[in-house]
Amino acid sequence: MTTVTVLSTGITPADVLAVARGTAKVVLDPAATEAMATSRSIVDGIEAAGRPVYGVSTGFGALANTFVAPERRAELQHALIRSHAAGVGAPMPREVVRAMMLLRVRSLALGRSGVRPLVAEALVDLLNHEVTPWVPEHGSLGASGDLAPLAHCALVLLGEGWVLGPAGDRIPAADALRRVGLAPVSLAAKEGLALINGTDGMLGMLLLAVSDARHLFAMADVTAALAIEAMLGSERPFLPELHAIRPHPGQATSAANIHRLLQGSAVMDSHRDDLAHAVQDAYSMRCAPQVAGAARDTLDFVEVVAGRELLSVVDNPVVLPDGRVESTGNFHGAPLGFAADYLAIAAAEVGAIAERRVDRLLDVARNRDLPAFLSPDAGVNSGLMIAQYTAAGIVAENRRLAAPASVDSLPTSGMQEDHVSMGWASTKKLRTVLDNLTSLLAVELLAAVRGLQLRAPLEPSPAGRAALAALGETIGEPGADVFLAPLMEAAREVVRGPALRAAIEREVGPLG
């Protein structure tokens, strides 16, 4: 995708990804420009009539009843941006900030915010010129949306604040604008408020997380199947008729994936008719689709919530087509906060069950004749012992992060904003959980590949052969201990990237 067109009806999740993570340029559809101009004419009429309207002729938050004289209303909007750009901490990643900016353009383009088209065009210019505001990680409560993060973005439009430099350093916004030939914007009534009132930051993070989780949950089926194969597990628990009698759709999809991935394996054939083989595998093997499938169903719900939010007007106040300007609570991030916390719980458990399979693979008492810690010379060598320590530590961290942030409201703004969503915190920690899940699946992939190597000369499944091809050159043959961290990093890149899944799907067909 090379161009994303922001319509008066909104944008798609694919649009957000193309701008946040890709190089797509952004253009405003003429109908969106017209919608913004129409809503702006309503605001101009209110100003001319001298009516008291929140955010147009009054202060903000607890100062909502304070009248602002006409000659000071532009000053009010600029002061709002400066005072609300109050975040602290490390900068948010470039992809999050770009997603947030595009979503703010989307919100303005819906024609309910009362801004001049040039305001949205100025944000588009920042995106297209690769000017990314420095947005600190702390500041949003998900109350009136993501006020502080969005204010840091808006401040750059004024030629103030900071911008992310090429090396992640912080440079003055005025210098960055001058370098690409952009001029600062002067705001009119209502426009400062329209730039910062909304759920764009948390929605951007949730959309990025949905994309990541969709890929990682498929990869969780891959690493589970490889671990089960290496441990001489049974394929019978994944038969479709066993999942038809418990019709959770995600479970059926995950079971079908694992069953397909285990076919065509001499390793599996070696014990299929062995009467001494275990009648039942451990839960971490047999219940893999029940856990990963439940996570898939959770993800489906979260995707619906994010899709609804993409269609939503989340500004306050909103300009209605009949000329009314009404206050709303649509900026409140509860729907996104709840969804993000729910998905964090699910993703944490996908990682937790993966770690249990890793532990089983390394344990000589339970791994069905593999050497201790997958080292052919255990004792002098420790094999993958400490990789499982790392996985256990990450599981513990994910359990802490799975505690919901969305139940932790703190009142602000002189009790005007007396219940906040903490949606920014929910979506931010979800991204950490998913990054941790990548590491956990990487450890499982590394252990499973080592286990399959140790089953030689038995030929693994097509999925196993693809995994050996992806990692074999990096990790080498089983032998003496080596510096393990680079191997784990390489496995992380394999899990995160599309190549292994694509190679497997060429052999076994598309995974659900």
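## Two strands side by side

Strand β1 (residues 3–6) runs parallel to strand β2, and four bridges pair them. This is a predicted model, so treat it as one while you look around. Within the pair, Thr5 sits opposite Val27 of β2. Add helix α1 (residues 13–20) to β1 and β2, and you get a right-handed β-α-β unit.

Now follow β2 (residues 25–28) along its length. Which of its side chains are buried? Val26 and Leu28 are, and they point to one face. Lys25 and Val27 point to the other face and are not buried. That fits a general pattern: in a regular strand, side chains alternate between the two faces of the sheet.

## Checking a helix with a ruler

Helix α3 (residues 73–84) lets you try a bit of arithmetic. Its twelve residues, at 1.5 Å a residue, should span 16 Å, because the expected span counts one less than the number of residues. The C-alpha atoms at its ends are 16 Å apart, so the two agree.

Several α3 residues are buried: Arg73, Leu76, Gln77, His78, Leu80 and Ile81. What covers them? The cover includes α2 (30–49), α6 (147–157) and α8 (191–196).

## Inside the cores

The largest nonpolar core has 148 residues, and Leu108, Leu126, Leu195, Ile196, Phe217 and Leu445 touch the most other members. Helix α9 (residues 200–230) gives this core its largest share, 20 residues. There is also a second, separate core of eight residues, with Ile46, Val53, Val56 and Ala189 among them.

Zoom in on Leu126. Beyond its neighbours within four places in sequence, Leu126 contacts Met101, Val131, Val156, Leu157, Leu177 and Leu182.

Note on methods
Residues are numbered from 1 along each chain as its sequence is written. This is a predicted model: local features need pLDDT of at least 70, side-chain atom pairs count only at pLDDT 80 or more; totals for chains, interfaces and linings use all residues. Side-chain values use heavy atoms; hydrogens and water are left out. Buried means under 20% relative accessible area, exposed over 50%, partly exposed in between (1.4 Å probe, protein chains only). Two strands pair if DSSP finds at least two bridges between them. A crossover is right-handed if, with the strands pointing away from the viewer, the path from the first strand over the helix to the second runs clockwise. A nonpolar core is a set of buried Ala, Val, Leu, Ile, Met, Phe, Trp, Tyr and Cys residues joined through side-chain atoms within 4.5 Å. Contact means heavy atoms within 4.5 Å.
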